[in-house]
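Visitor: Before we walk through this protein, could you tell me on what grounds each label is given, and set the values against the cut-offs as we go?

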Amino acid sequence: MNYPVTELSSWHALANHAPILKKSVLRDLFFDYPERGHWFAAHGAGLYLDYSKNAVNEETIRLLIQLAEERFLPQRRAAMFSGEIVNLSEERAALHTALRAPRDAMILAEGRNVVPGIHAMLDRMREFSEQVRNGTWTGASGKPIRHIVHIGIGGSYLGPEMAYQALRSFRQKGLDVRFVANVDGAAFIEATETIDPAETLFIVCSETFTTPETMANARAARQWIVTALGEQAVSRHFVAMSTNADAIREFGIASEQTFGFWNWVGGRYSMESAIGLSTMIAIGPAHFEQLLQGFRAMDEHFLHAPMEENLPILMGLLSIWNNNFLGADTLAILPYAHELRRLPAYLQQLHMESNGKCVGEHGESLTHQTCPIVWGEPGTDAQHSFYQLLHQGTRQIACDLIGFCEPLSGLAEHHDQLMANLFAQAEALAFGKSAEDLRTEGVSEKTIPHQVCPGNRSSNVILAEALTPYTLGSLVALYEHSVFVQGAIWGVDSFDQWGVQLGKALAQRILPALSANKMNFNLHDSSTQGLLNRYLRHKMSTVESGEER
């Protein structure tokens, strides 16, 4: 189980198989096998996956599944779901799946069933959400809450913001949710400059209540409330998601307005925990329960569907195939839904913080490629931005195109146009347009080289009936488990993130010097030192001239 993946017989077989598929043309694969679009597809938990436009054949899928078996994927999956320690470097379980388990489930972590505690927390969240939604929870002046400002960063922010944007059509009218993550003060000003402090509730998300960026914004929020409403108002305008009871109490937040979480849930996997309180307040407990049901449905599908029909396994294996064997080391996330505009950013963190590692789970150096670079924007906006590169660039870029059969807007004609673009782009990526096609259309020989699109760009199309809370939960869980599959195959620990810490630690070394306006300290390289001095000279000159804002 600890052998490098590159030493496995299935990996060698895939490496020998890859040149055949590299030489193949998707147009020919479809010509030779007209029913390919039906056979290379799968469905589950409300989602339909068409992966026929990848450069694969039946032998490819057979070998990829053999790779998963040689890498003990079923056993690793069972270990994660059962609460075993799968985050080896931090000696923790990874039990985000327990967050959406039914109330009567039995899931053990360190010998204790965690499910009752999870549902007790969900019950508290429901009670508080309803109080805010029906106006019985009021601010210090007696006004009902109309504005929620969610303060967090990374996993404590990206999931809730993405979910709120995705499910805006399900939100309670008159309730506005805003998000502050960036420590740039402009972010806080933008979030608060048009709202009334008397009608605002801040939700501060930091496990330790010490995260520098989050606490800087939390302190700014506290001062904003105190300036407008007085010190006594803090307790009515703040809620905390943290485990640091002393720091929360010192801040002025009552214990009954504190919601904890567990160290076996990583931030990027936490949107259905107490971190999702802003989502629950916005869409209501009933819709939040539907979100959990979608997660749960994909969990069950991942656990029980055969590998050749299992959406997360297929997507994870296809990503490995495209990345490690076909040279497509980037993945574009292309949701054809305006509401999913923050999904690419959310999936960036999920993939790249989980699997962006050069060290294996047992501390060994890895010689094979791991996580692809993940990026993207919603279609059709992106078609007028970077699709030129997708169609005619020199890089191989795998694409996930995501769409829905029903519109949320009620503008059916718009939705037909949107979906026509999705289907057309997937077709164009796969089949392109040849010089012969262009000549048949009468295109000038002079411009033919510029108009040729080679095609053979791999893509998945994920289709669902509608963007609902249930569908969103299923979609997020699909990617969560796909990332787990990839990490299991590559042999990385998908649940730690040590690489995030270095920059944070260095920033805390630099900050005191900047705050004290201290120049010419020789703790850094010449580049960093020069940049610091340049920044400080400008800062000090503006202070002296009275221009500081």
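Visitor: What makes β10 and β11 a pair, and in which sense do they run?

Guide: In this predicted model, strand β10, residues 238–241, and β11 pair in the parallel sense over two bridges; since pairing requires at least two bridges, the two found here satisfy the criterion, and the strands are therefore counted as paired. Met 241 stands opposite Phe 259, which belongs to β11.

Visitor: Where does helix α9 lie relative to the sheet?

Guide: Helix α9, residues 212–229, packs on the sheet and touches β7, β8, β9 (200–205) and β10, while its direction makes about 160° with that of β9.

Visitor: Why are β8 and β11 called edge strands?

Guide: The open sheet has five strands in the order β8-β7-β9-β10-β11, with parallel pairing. Both β8 (176–180) and β11 (258–259) have a single partner strand, so one side of each is left without a neighbour in the sheet, and they stand at the edges.

Visitor: Which helix lies across β7 and β8, and how do you know that it is enclosed?

Guide: Helix α7, residues 158–166, lies across β7 (147–151) and β8, running at about 150° to β8. Nine of the nine residues of α7 are buried, so the helix is largely enclosed by the rest of the structure; among them are Leu 158, Met 162 and Tyr 164. The buried residues of α7 pack against β7 and β8, and also against the helices α12 (277–283), α15 (343–355) and α20 (469–490).

Visitor: What makes the pair of Trp 262 and Trp 264 stacked?

Guide: A search of the whole structure finds 20 aromatic pairs, including that of Trp 262 and Trp 264, with 5.1 Å centre to centre and 10° between the planes. The centres lie within 6.5 Å and the planes are under 30 degrees apart, so the two rings count as a stacked pair.

Visitor: Why is Trp 264 called buried, and how is Trp 262 classed?

Guide: Trp 264 has a relative accessibility of 9%, which is under 20%, and therefore counts as buried. Trp 262, with a relative accessible area of 22%, falls between 20% and 50% and is therefore partly exposed.

Visitor: Which residues do ring pairs link into a cluster?

Guide: The cluster consists of Phe 188, Phe 202, Phe 209, Trp 224, Phe 238 and Phe 251, linked by ring pairs.

Visitor: How do you know which residues carry the feature "active site", and where do they lie?

Guide: The feature comes from an unreviewed UniProt entry, which places "active site" at Glu 353, His 384 and Lys 504. These residues are spread over 152 residues of sequence and also in space, up to 36.4 Å between C-alpha atoms. Of them, Glu 353 and Lys 504 are included in the lining of the largest pocket.

Visitor: Why is His 384 called exposed, and Lys 504 partly exposed?

Guide: His 384, in the loop between β13 (373–375) and α16 (387–392), has a relative accessible area of 73%, which is over 50%, so His 384 is exposed. Lys 504, in helix α21, residues 501–515, has a relative accessible area of 35%, between 20% and 50%, and is therefore partly exposed.

Visitor: What makes the pairing of β12 and β14 count?

Guide: Strand β12, residues 330–335, and strand β14, residues 398–404, pair in the parallel sense over five bridges; at least two are required, so the five bridges meet the criterion. The bridge partner of Ala 332 in β14 is Cys 399.

Note on methods: Residues are numbered from 1 along each chain as its sequence is written. This is a predicted model: local features need pLDDT of at least 70, side-chain atom pairs count only at pLDDT 80 or more; totals for chains, interfaces and linings use all residues. Side-chain values use heavy atoms; hydrogens and water are left out. Helices (H or I, at least four residues) and strands (E, at least two) are DSSP runs, numbered from the N terminus. Contact means heavy atoms within 4.5 Å. Axes are lines fitted to C-alpha atoms, for helices over the stretch in contact, and angles run from 0 to 180 degrees between N-to-C directions. UniProt positions are given in the numbering used here, feature names are shortened, and annotations may be inferred rather than shown by experiment. On a 1 Å grid over the protein atoms alone, a cavity is a set of points where a 1.4 Å probe fits but cannot get out, and a pocket is an open set with protein on both sides within 12 Å along at least five of seven lines; lining residues have an atom within 4 Å of a point. Buried means under 20% relative accessible area, exposed over 50%, partly exposed in between (1.4 Å probe, protein chains only). Rings of Phe, Tyr and Trp (its six-membered ring) pair if their centres lie within 6.5 Å; planes under 30 degrees apart count as stacked, over 60 as edge-to-face and the rest as tilted.
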